[in-house]
Every structure is written in C-alpha cells, then in structure tokens.
Amino acid sequence: MAKWLKKKSGEEAIKATTRESYLESTFQPISGRDGTVRKPENYTGFMQRFTGWVYAAAQQNARGVAAQTLRLYAVRPENATKSLYKTRELSNFERSYLSGSLEHRPSKHVTSNASSGGVNVEEVVEHPILDVLNNPSPDMDGYSLTVLRMLNLQLTGNSYLHPIISESLGVPVELYSMASNLVEIIADPDFDSLVAGYMYGMPNNLNEFATNEVLHERQPNPLDMYYGKGWVSAAIEAIDLLESMQEYERNLLENEARPDWAVMVKDNMTDSQFQRLENSIKKKLQGKGNRGVPFIFEGGMDAKTLSFSPRDLAFSEGENRKVEVIAAISGVPVSKLKANDPNLASAREGNLGWLRDTILPYLVLDEQFLNRQLVPMFGQYSEGLFLAYDNPVPQDDAALATVAASDIAAGIRTRNEVRAERGLPPVDGGDEIMIAGGTMPLETAIELAKNP
C-alpha cells in the first residue's frame, strides 16, 4: 500500500491534497529574469503580423464584439427594498435570455445569477462600473478600449488591463490596456498561488505590478497555464506562406513584369527602327480611347498573346486557399473578408454564423472575465451586480416572435402578454384570449355556442 494511504476506522482514507500540492505538481515554470515565466511563443512576432488579411479578420472580430451592448444588472430578493441605483425593469424576453432559457445563452456567471429563485433582476442604468467602462481614461473611450482588448486577445491570446484606483473611494476610476507582448508573468516560487505579479514594459524600462494591479484575460491554452493562445498562433503557417506569396508577386512585378502580348520580329532591327515601332504601338494603342483598336504589323512581324501558365493559376488558387484557412481559424467568413459574395442568402447566413459561432463565444469569455476580475474591485458597490452583453444572434428574436404568434393563435397567451414581454405598451382589446387561429375572441366563441 502506498505511503499516502492509511487505515482509519476500518476504511481506507486518502490524504487530502491542497491547492499548493496541485500547483506544484502541475506547474514547473521555466523562469527568466526576476522569476518571470517565459512566454511559450513569440508574441511580438504575432503583433507584427497585424497586417493584410490578419488585420482584416482581427478587426472584424474586435469591432463585432465592441459593437455589442454591455449592460449592468442587479439581483435582489423580490421582497427587498428598491435598489439604491437607478434601474429599469426587464422584459420577459430579456429575462429569458439572461436565465439561459433561449437557444443561445450568455456566460455561466450570468445565467447562475439571473436564474436564481426568489430574486428580481433589474438593469442598472447609472453606476461607477458603467462610468469606467464607457470612459476608461481621458485618452480613450469604451468602444476603442474594447477593440484594443479584443485585438490583443486574438493576436497573442492575452489581454491585460491596468486599473487606476481612487484613493478616496477605493474603486477603479480609470482603465488602461497593456500591450500583451510586453507583459511577463511572475510565478509564485512557493506555489501559494499561480501568479505572484507581473513585469511590464520595454527591456530598458520595466516596472513590476502586483496581482491586484493587473486584470488578465486569456484564451484557454492547454499547453500553458500562464499564457493564452490566440488564433494568429494557430494560423501562423498560412499567414507566413501568404506573406511569402505576396512577396513573390511583388518581386515578380518589380523585376519580371510581363505584358499581355509580345511582338515577334524575324529580322534584326536597328535602334531607330525599334524606337519607331515602340512609339507607333504606344501612339496607336495606349489610352482608354484606343481600346479594341487593331494594330497592323509590317513585314516579318507577328503578335502573340501571353497567357498564364498552369503554375501561375495554381499559385493564385493557393492564395485563395490560404485566405480560407485564415478565415476558418479566425472565425470570420470569407464573404465578410472579401465582401464579393454575389449570393445574398449565402452572405447573410455567413454573417449569422459569425455572430453565433465567433462573436457570442467572445462575449461569453469577456463576461466571465469582467465579472470575475473587474466587478469585485468595486467592493460594497458591486454587491449583487453582474455584467452581461445583449444577445447578438437575431435568430432568437425571430424564433421567439414565431412562438408568440403561434401562442396567440392557439389561445395560449394574449396579445398584451406578448407585447409586455417585448417591452411594448398594451393595446385595446389585447387582453382577450383568441381561438380559431387567432381570428375570434374566446368569449365570442362561448357566446355563439350558447346562442347558436
């Protein structure tokens, strides 16, 4: 029997493990200067690839996330007094989404708070948390900060925020984005926790930050528990090969630029004859007004059209395939990157898939990050509060409208009940239950049955 097993009251008992023993067994950091954990990849190199198709794809995702509405909600018992903050009542549709009752759901943190029994959820419309998110610093607005955070998250898999704490209030009053390639994590040598601090800055101007001075959001990385992994890392081969193809075309254009056709001359020409022929061709054919005008050759001259070789055509197809790889890994449809899809239905479906499969997961990740790291920094001012993005996928709204219409037609709900769920005012006669496919009030049908 192993030493860590022992007999106790006739039963085998296993020695309880601790967080320290787990960390010590799981993490053996390769440390650099000052105990910092070396980055598993070249994050600066990834940042430098923020050009071309990488720029287009990363910006699409970053702007897509930043364009979504982030709201603050308060959870309080139904019999409790009204919130201290200015609030707004939610529609049933909003409650359904927050509680995870629809097809697409917010983060687990949000659903666990919004679906608790015996509580009322309201939107908080004025609060210091909203102030710092909307106006994080004198030099940057909330939208730009979100775009910057999402770009870092995609390029390196890591995004860092540095909060400025008010000395009088003890809560964050400013937020600054830290360049993710310039942040190094300091490992805890005693394994009391995973992270002991952060080093930030250029090599000749480093500053150390405590764990409560840096908020770290990262994409999960199964190969490293300190640093995240962005999609640029996963697509690096396609990105570099595409860059090589573009460099090849640039060199070809500069050094081997090829005309559309050539003039074949059987006899040798003098310099003056060559110059006269060249000037004649330019004068006769150059300019948009001469498009389609034939040129008549003299003597032993002939014209030959130059076409692309199979290798050139395959090269062009290879470029398209690499763009498709970048699109697939980044989660951005090719139709959004190239914006030349003639099929409107295909483009619309691609956009819906992008919102559902790319933007929504980013929102879920960001909700978890903000609720776990930023909101608690407001202490007593954050009790019972959580942040959540609006549902970005329009299919939920359309599906709910279809269900509502069916319920009205079947006599399950009234029109005013449905309108109340969507935040609309009641209408006259909207409280009547309808039957016969929604064409007859229930009371009228009963009256007709009594007096046929």
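Hi everyone. A search of the whole structure finds six aromatic pairs, and that is where I would like to start. Please keep in mind that this is a predicted model.

How do we describe two rings that meet? A pair of aromatic rings is described by the distance of the centres and the angle of the planes. Take Y73 and F386: their rings are 5.5 Å apart, centre to centre, with 25 degrees between the planes, and the pair is stacked. This pair links distant parts of the chain, as Y73 sits in strand β3, residues 70-77, while F386 sits in strand β14, residues 385-389, and 313 residues separate them. Both Y73 and F386 are buried.

Now look at a second pair, Y200 and F209. Here the centres are 6.3 Å apart and the planes make an angle of 65 degrees, which is an edge-to-face arrangement. Is F209 buried or exposed? F209 has a relative accessible area of 15%, and because buried means under 20%, F209 counts as buried.

Two more ring items before we move on. Y43, F46 and Y227 are linked into a cluster by ring pairs. And if you find W354, you will see K336 lying over the face of its ring, 4.5 Å from the ring centre.

Let's go back to the strands that held our stacked pair. How do β3 and β14 pair? They run in the antiparallel sense, over five bridges. Within that pairing, A74 stands opposite L385 in β14. Here is a helpful idea for reading a strand: in a regular strand the side chains alternate between the two faces of the sheet. For β14, both faces are covered: L385, L387 and Y389 are on one side, F386 and A388 are on the other, and all of them are buried. Five of the five residues of β14 are buried, so this strand is largely enclosed by the rest of the structure.

Next, follow me to β8, β9 and β10. Strand β8, residues 183-187, is joined to β9 by five bridges, and the two run antiparallel. I185 stands opposite Y198 in β9. β9 is also joined to strand β10, residues 207-209, by three bridges, again antiparallel. Which residue is the bridge partner of Y198 in β10? The partner is F209, and we have already met F209 as the ring that pairs edge-to-face with Y200. β9 and β10 form a hairpin with six residues between them, and G201 in that turn has a positive phi of about 130 degrees.

Now for some empty space. Rolling a probe the size of a water molecule over the atoms shows where empty space is left. The largest pocket holds about 550 Å³ of space. It is lined by 19 residues, and the closest to its centre are H216, E217, R218, R372 and Q373. Which elements each supply at least two residues of the lining? They are β9 (195-200), β11 (215-218) and α13 (344-374). Of the elements in the lining, α13 gives the most, with five residues. Sorted by class, the lining has eleven nonpolar, five polar and three charged residues.

While we are on α13, let me point out F369, which is found in that helix. F369 is buried, with a relative accessible area of 6%. Its C-alpha atom is separated by 9.9 Å from that of H109, although the two are 260 residues apart along the chain.

A few more places show this kind of long-range contact. S91 is in the loop between β4 (87-89) and α4 (92-98), and S91 is buried at 9% relative accessible area. S91 and V418 are 327 residues apart in sequence and 10.0 Å apart in space, C-alpha to C-alpha.

M150 belongs to helix α7, residues 142-155, and M150 is buried with a relative accessible area of 2%. The C-alpha atoms of M150 and G64 are separated by 9.7 Å, with their positions 86 residues apart along the chain.

Finally, A409 in helix α14, residues 394-410. How exposed is A409? At 26% relative accessibility, A409 counts as partly exposed. A409 and I433 are 24 residues apart in sequence and 8.9 Å apart in space, C-alpha to C-alpha.

Thanks for listening, everyone!

Terms used
Residues are numbered from 1 along each chain as its sequence is written. This is a predicted model: local features need pLDDT of at least 70, side-chain atom pairs count only at pLDDT 80 or more; totals for chains, interfaces and linings use all residues. Side-chain values use heavy atoms; hydrogens and water are left out. On a 1 Å grid over the protein atoms alone, a cavity is a set of points where a 1.4 Å probe fits but cannot get out, and a pocket is an open set with protein on both sides within 12 Å along at least five of seven lines; lining residues have an atom within 4 Å of a point. Grid points are joined across faces, edges and corners, and a volume is the space filled by probe spheres set on the points. Helices (H or I, at least four residues) and strands (E, at least two) are DSSP runs, numbered from the N terminus. Ala, Val, Leu, Ile, Met, Phe, Trp, Tyr, Cys and Pro count as nonpolar, Asp, Glu, Lys and Arg as charged, and the others, Gly among them, as polar. Rings of Phe, Tyr and Trp (its six-membered ring) pair if their centres lie within 6.5 Å; planes under 30 degrees apart count as stacked, over 60 as edge-to-face and the rest as tilted. Buried means under 20% relative accessible area, exposed over 50%, partly exposed in between (1.4 Å probe, protein chains only). A charge sits over a ring if NZ of Lys or CZ of Arg is within 6 Å of the ring centre and within 35 degrees of the ring normal. Two strands pair if DSSP finds at least two bridges between them.
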